[in-house]
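Here are a few exercises to work through with the model open. Try each task first, then read the solution.

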Amino acid sequence: MNRIPETMSWKGGLDGYLVLLDQTKLPREHVEVDCKTVEDVWQSIKRLAVRGAPAIGCAAAYGVCLSEPELAEVEQACDYLATSRPTAVNLFWALNRMRETAQQTSTLAPHQFAEALLTEARAIREEDRQMCTDIGNHGADLLADLPVGSGILTHCNAGALATAGDGTALSVIFELARRKRKPHVWVDETRPLLQGARLTTWELMQRGIDCTLICDSMAAQVMREGRVQAIVTGADRIAANGDAANKIGTYGVATLAKVHDIPFYIAAPTSTFDVSLTNGSEIPIEQRDVEEITCGFGTPTAPEKVSVYNPAFDVTPVELIAGIITEQGVKRY
Ligand code: MRU
């Protein structure tokens, strides 16, 4: 069933390197990027060659293993990688684990120190894989009463490409399909970088799951037509009160869901929770290059020098969220 190329892999042993599937080239080309320096990993995260909150965390953990095996160097690598993207808390969560491992093993010989770091990076990835499986099971249990063939809408890409496993939101859908519930997935294209159109439909089609691509602006009409029975998206950071940041447009989808009385769920591992933040207003929102809007994929679509606002994420208030599907079960606020 799984024919998706690996999102990331570590080639070789202690002196190995990180190989990423370049997601900016999908679905037309399958290009791998060899990351042999910390800077290579930083660049790959920044330009979205690797993207999706859990995958960013895993890639950054491996990135730390590319620094010199010495505490000061590792801490510098952690600080540097932390500047690649601001919103997904999984990045900082994974880097904190790597930093703690480095601090606890800094007195070991360089070889053993490097081994401890690589072991920790592999553990972060392995745990993420398991979290995806568990999220899939909890989510499919939650949606078990939906009629066979129900419509499920998703936004952005929260699939295998965004994690070390089967994804978060898509893991729920894959598990429903395994249970013969025949979900039909409505995929928002996800302006401006089209993660839905380029990545989510690609993943679903590879796995033989029915899906229909729509422009983001069509979601309201599709809901009104009664085609959507539930909505499941991922998240990049969830505050202590349950407010959840995800790809720009998610808040709009959740608002529409409320109007149409459709349950809106978030699927995310506990590594996406940031309980140090009281509510979603404290979540830092990444602002990206204006050219993503004025010249998307190399085609100018707006007058030169037009004023542009390009926040990459928005925050869905907890009142609009019917439940958050985690690896530990469904949280309700
Ligand atoms: O800018 P991106 O593509 O990294 O944004 C990704 C998302 O918003 C995902 O929905 C989120 O990271 C969850 S991935 C399991």
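**Exercise 1. Work out how β13 and β14 pair, then place them in their sheet.**

Start with the pair itself: β13 (residues 323–326) and β14 run antiparallel and are joined by three bridges. Strands here are DSSP runs of E with at least two residues, helices are runs of H or I with at least four, and both are numbered from the N terminus. Two strands count as paired if DSSP finds at least two bridges between them. One bridge to look up is Thr-326, whose partner in β14 is Gly-329.

Before going on, note that this is a predicted model, where local features need pLDDT of at least 70 and side-chain atom pairs count only at pLDDT 80 or more, while totals for chains, interfaces and linings use all residues. Residues are numbered from 1 along each chain as its sequence is written, and side-chain values use heavy atoms, with hydrogens and water left out.

Now zoom out. The open sheet has seven strands in the order β6-β5-β4-β7-β10-β13-β14, and its pairing is mixed. At the edges sit β6 (211–214) and β14 (329–331), each pairing on one side only. On average, neighbouring strands are turned by 25° against each other, direction ignored.

**Exercise 2. Which strands do helices α7 and α9 touch as they pack on this sheet?**

Take α7 (residues 195–206) first: it touches β4 (151–154), β5 (184–188) and β6, and its direction makes about 165° with that of β5. Next comes α9 (residues 250–259), which touches β4, β5, β7 (230–233) and β10 (264–267), with its direction at about 145° to that of β10. Contact means heavy atoms within 4.5 Å. Angles run from 0 to 180 degrees between N-to-C directions, and axes are lines fitted to C-alpha atoms, for helices over the stretch in contact.

Then pick out Thr-250, which lies in α9. With a relative accessible area of 1%, Thr-250 is buried (buried means under 20%, exposed over 50%, partly exposed in between, using a 1.4 Å probe and protein chains only). Skip its neighbours within four places in sequence, and Thr-250 is in contact with His-155, Thr-233, Phe-264, Asp-314 and Thr-316.

**Exercise 3. Describe how α2 and α3 cross.**

Two packed helices are described by the angle between their axes and the distance between the axes. For α2 (residues 53–64) and α3 (residues 71–81), the axes come within 9 Å and cross at roughly 150°. The two helices are therefore roughly antiparallel to each other (over 145 degrees; under 35 is roughly parallel, 65 to 115 roughly perpendicular and the rest oblique).

For the contact, look at Ala-60, Gly-63 and Val-64 in α2, which meet Val-74, Cys-78 and Leu-81 in α3. Sorted by class, that makes five nonpolar, one polar and no charged residues. Nonpolar covers Ala, Val, Leu, Ile, Met, Phe, Trp, Tyr, Cys and Pro, charged covers Asp, Glu, Lys and Arg, and the others, Gly among them, are polar.

**Exercise 4. Which β3 side chains are buried?**

In a regular strand the side chains alternate between the two faces of the sheet. Along β3, Val-33 and Cys-35 point to one face and are buried, whereas Glu-32 and Asp-34 point to the other and are not. The strand pairs with β2 in the antiparallel sense over four bridges, and Leu-18 stands opposite Cys-35.

**Exercise 5. Track down the backbone oddities in the loops.**

Most residues other than glycine have a negative phi, and most peptide bonds are trans.

- Between β2 (17–21) and β3 (32–35), the loop holds Pro-27; the peptide bond from Leu-26 to Pro-27 is cis, with omega near 5°.
- Pro-192 is in the loop between β5 and α7, and a cis peptide bond with omega about 0° joins Arg-191 to Pro-192.
- Thr-190 is also placed in the loop between β5 and α7; not a glycine, Thr-190 has a positive phi of about 75° and is buried at 0% relative accessibility.
- Phe-297, in the loop between α10 (291–294) and β12 (313–316), has a positive phi of about 55° and is exposed, with a relative accessible area of 51%.
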